[in-house]
Amino acid sequence: MQSSLDLFAPPTPESIAIAPDAWLLKGFAHAQADDLLAQIGQIEQQTAFRHQVTPGGHAMSSAQCSCGTYGWVTDKRGYRYTTEDPLTDKPWPAMPASFRELAVRAAAEVGFEGFEPQSCLINRYQTGAGMGLHQDKDEQDLGAPIVSVTLGAPITFLFGGLLRTDKPSRWLLEHGDVVVWGGVSRLYFHGVAPLGKRASHAATGAVRYNLTFRRVVG
Ligand code: MD3
Ligand code: FE
């Protein structure tokens with residue numbers, strides 16, 4: 001029997017609409033967070049976090065690596081997806097089943113049944129690292145949603161609109177939070193404010209990881 005007095009009932013995930021076709025699933029990955037962090041540790045042994053350089057010649061402040069069939073790469077030649085890690089010249093580490101299953105479940109929770117991620121970009125933010133407003137449009141399949149998972153220290157996510165000049169709304173993303181973007185908001189400008197000096201979490205210290213699951217080709 002389910003009632004508000006059932007102390008053993010799992011918490012109902014709260015789904016907050018943050019824009020057209022964009023949902024914040026508060027704490028959706030909380031129960032799996034330790035497993036996800038352990039998997040990041042395994043992935044790190046097969047590749048390395050690196051500060052990639054934009055075509056404009058600036059090193060990104062977040063450190064990145066990928067797992068899955070495709071990984072996101074930037075260098076002086078531009079932004080693109082590759083099947084090999086340019087640091088190792090080997091395929092990117094496989095996407096752990098627990099990563100894929102979480103992304104599939106989160107997408108289905110808000111109506112994107114059958115989402116099959118091909119890439120997981122892992123961003124690691126340390127104190128002061130952020131990401132300026134940008135659009136994600138290096139994927140061929142813009143019909144598929146993007147699923148993002150926050151682990152560790154909290155950060156302020158900035159969510160604008162279709163124009164760079166649209167004033168962004170601000171959302172606090174905390175350990176275990178999942179966001180799904182599809183449809184209209186898939187091409188919205190977005191970014192994250194620099195990780196605050198006091199931002200930390202027991203599981204990671206002053207570090208925030210973000211997993212971004214994407215479908216790259218149709
Ligand atoms: C909203 N990462 O890797 S969450 C990125 O927190 C990126 O690491 C941020 O923006 C982070 O490109 C933001 C993920 C996210 C990814 C794609 C989106 C949010 C999005 C595409 C459209 C709208
Ligand atoms: Fe992005």
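**Burial.** I started with how much of the chain is tucked away: 50% of the 218 residues of the protein chain count as buried. I am keeping in mind that this is a predicted model.

**Surface.** Next I looked up what the protein chain shows to the outside. It exposes about 10,700 Å², and carbon and sulfur atoms supply 55% of that area.

**Charges.** I counted 19 positive and 21 negative side chains on the protein chain. The centres of the two sets lie 9 Å apart.

**Fold.** I then went through the secondary structure and found two helices and 13 strands in the protein chain. Its radius of gyration is 17 Å, close to the 17 Å from the globule rule for 218 residues, so the chain is as compact as a globular protein of that length. I also noted that the C-alpha trace spans about 60 × 40 × 40 Å along its principal axes.

**Contacts.** Among contacts in the protein chain with a separation of 6 or more, I find that 73% come from residues 24 or more positions apart.

**Iron site.** Which residues are the protein donors of the iron ion (ligand 2)? I find His134 through NE2, Asp136 through OD and His190 through NE2, lying 2.0 to 2.2 Å from the ion. Written as a sequence spacing, these donor residues give H-x1-D-x53-H. Asp136 and His190 link distant parts of the chain, 54 residues apart. I placed Asp136 in the loop between strand 7 (131-134) and strand 8 (146-152), and His190 in strand 12 (residues 190-192).

My last check was on cover: are Asp136 and His190 buried or exposed? Both residues are buried.

Terms used: Residues numbered from 1 in each chain as written. Chains lettered and ligands numbered in written order. Predicted model: local features only at pLDDT ≥ 70, side-chain atom pairs only at ≥ 80, totals over all residues. Heavy atoms only, no water. Donors = N, O, S within 2.8 Å, 3.2 Å for Na, K, Ca; no water. Helix = DSSP H or I, 4+ residues; strand = E, 2+ residues; numbered from the N terminus. Buried < 20%, exposed > 50% of the residue type's maximum accessible area, 1.4 Å probe, protein only. Rg over C-alpha atoms; globule rule 2.2 N^0.38 Å. Contact = heavy atoms within 4.5 Å. Areas by Shrake-Rupley, 256 points an atom, 1.4 Å probe, with all protein chains shown as cover. Lys, Arg positive; Asp, Glu negative; His and termini not counted. Charge placed at Lys NZ, Arg CZ, Asp CG, Glu CD.
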